[in-house]
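Got your viewer open? Let's take a walk through this structure, one selection at a time.

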Amino acid sequence: MQAIYARQSVDKKDSISIESQIEECKKKINKNESYEIFSDKGYSGKSVKNRPEFQRMMTEVKQGNVSRIIIYKYDRISRSLYDFINMQREFEKYNTDLVSVNEQFDTSTTQGKAMVSILMTFAEMERETIQQRVEDNYYSRGEKGFYLGGYAPFGYEKIETQLNGKKTYTFKIKKDESRILEKMYKDYLNGMSLNAIARELNEKKVPTRQNRPWSSNAVSRMLKSPIHVKANADIYNYLLGIGATMNNSIEDYKGVKGCYVYGKVSKRKGSKFVNLKNDYVTLGLHDGIIDADVWLSVRNIFAQRKGHSNIGTGSLTWLQGLMKCGCGYNYYIKKYKARSKNNKTVYRYLYCRGRRYKTCPHSKKMVPVETIENIVKEALFKRLNELKEIKQSSVVKDSPEINELKIELSKTDEEIKNLLSAVAKGNSITIEYINQRIVELDREKNEILEEITRLQLEEQNGNADKLDIENIIKDWDNYNTEIKKQIAKAVIKVIEIADGKVDIKFF
């Protein structure tokens, strides 16, 4: 049997179609022998592995059913020299000839094999050049803020615009979806799990951008993406801190526009938006939806759940950091496993740090953590029911004034850093002047920090956010330790425990 193989990556005006390739190949068919057509449309010549018709043809070759393969050009069957050499070995093994309509080389001779190898080398070089050109264009467009393709993110619709005189696309806020997005952030801050948020969205029949059901992973990616954030100086420093290469200067981060994250998936370490060491960040043309401090608070919760902060015994109870002994020392947790082989229970007990120094005068009887948690939980629920609203101090929107001060702070830090690097290269005279400037900058830095703190405290006192107390009480048992801890710290000042008595002081 003879075989005709045709391939076309994409339809282009200057490329020969699958149908035309087949018609040209038919002219080479031996009329006294049957033939079968194998064609892969929409498949790259980069690799032979993912082409279904090519693989089916090779199965026929290995079964000894193919005497001759006819192709329009050698680069139709492969653009990889490595693949072509391995392919040619298979053809020789099963006595299969390879014939090209456009390249008249006899692959049965040494000269013919050499010419085909040279031809395939140029085909592979052409493919790699095209690939590099496409990649360079992608990064160039990303750096300038051009739309990089794909769906419009949830919360937006795609609209056409102009950038530097060239057509591109940007995003326009969709009010209905933006309200849903804002609620997702609020729910997560108030302790709802990713699964619970996804379940609620599915129950309300809210579609994802790809019209698929919501999952915890889809919600997680949505909450971590900086595409929605009103990017200010804090966002710049945060993304820079997790490794991103920033295409814009910090002065551009005014708390208005959202950010693109782009880079090679193959070089990415871990999930997207977590480690940006091999990624780039560019300010988009679109307005953000989520306030910077809300976005950062959500990222902080993700970090806590991954164990990046508040690690150690803090993960053993939601009361950690609030409990003090009457002697003044904090309590920490000791764990004990049941001695029975059939009992795998882990018991938790409070232990006063003052005992280490033999300064605690109170009873040495260790109190079960569960006992204190139940007492505090009852008192906490009673207190929550008394409150109409409490303050979430971690979610306070920065004013433009504070954002400008943070930009100045970053610029001052950068100048100090550069001056410190210059010290090693200077002589005694220049070092003296450099040191004077560093002292002056350090003083300016402290003044900026004091002013930021003062303004934040003023704004914080005037903006208390409401907690959904009813849902907190209802869903308490479904919350993880970190969420319970945040709620407790927002209401409880300290818990004093001594000689069997528990004294809870609320704000």
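Here come a few stops, each with something to select and something to look for.

Before you start, keep in mind that this is a predicted model.

**Stop 1: a pair of helices**

Select residues 194-203, which make up helix H7. Which of its residues are buried? They are Leu194, Ala196, Ile197, Ala198 and Leu201. Now add helix H8, residues 216-224. The two helices pack at an angle of about 105 degrees, and their axes are 8 Å apart. Because angles from 65 to 115 degrees count as roughly perpendicular, H7 is roughly perpendicular to H8.

Zoom in on where they touch. From H7, show Leu194, Asn195, Ile197, Ala198 and Leu201; from H8, show Ser216, Val219, Ser220 and Leu223. Colour that contact by residue type and you get 6 nonpolar, 3 polar and no charged residues. Before moving on, step just past the end of H7 to lysine 205, which takes a positive phi of about 60 degrees.

**Stop 2: charged partners**

Side chains of opposite charge can pair when their charged atoms come close. The count for this model is 21 salt bridges, so let's pick out a few.

Go to helix H6, residues 175-189, and show aspartate 187 and lysine 183. Their side chains meet in a salt bridge, 2.7 Å from N to O. The two are separated by about one helical turn, because they sit 4 residues apart in H6. Is aspartate 187 buried or exposed? Its relative accessible area is 13%, so aspartate 187 is buried, while lysine 183 is partly exposed at 33%. Now add Glu200 and Lys204: together with Lys183 and Asp187 they are linked in a network of salt bridges.

Next, select glutamate 177 and lysine 174, whose closest N and O atoms are 3.7 Å apart in another salt bridge. Glutamate 177 is buried at 10% relative accessibility, and lysine 174 is partly exposed at 27%.

Then jump to helix H2, residues 52-62, for glutamate 53 and arginine 56, 3 residues apart. They form a salt bridge too, with the closest N and O atoms at 3.0 Å. Arginine 56 is partly exposed, with a relative accessible area of 33%.

**Stop 3: a lysine in a strand**

Finally, select lysine 324 in strand E10, residues 323-325. This lysine is partly exposed, at 32% relative accessibility. Show its contacts, among them Tyr329, Tyr331, Val494 and Glu496. Then add aspartate 503: it lies 179 residues from lysine 324 in sequence, but their C-alpha atoms are 9.9 Å apart in space.

Methods: Residues numbered from 1 in each chain as written. Predicted model: local features only at pLDDT ≥ 70, side-chain atom pairs only at ≥ 80, totals over all residues. Heavy atoms only, no water. Buried < 20%, exposed > 50% of the residue type's maximum accessible area, 1.4 Å probe, protein only. Contact = heavy atoms within 4.5 Å. Axes fitted to C-alpha atoms, helices over the stretch in contact; angles between N-to-C directions. Parallel < 35°, antiparallel > 145°, perpendicular 65-115°, else oblique. Nonpolar A, V, L, I, M, F, W, Y, C, P; charged D, E, K, R; others polar. Salt bridge = Lys/Arg side-chain N within 4 Å of Asp/Glu carboxyl O. Lists of a residue's contacts leave out its neighbours within four places in sequence.
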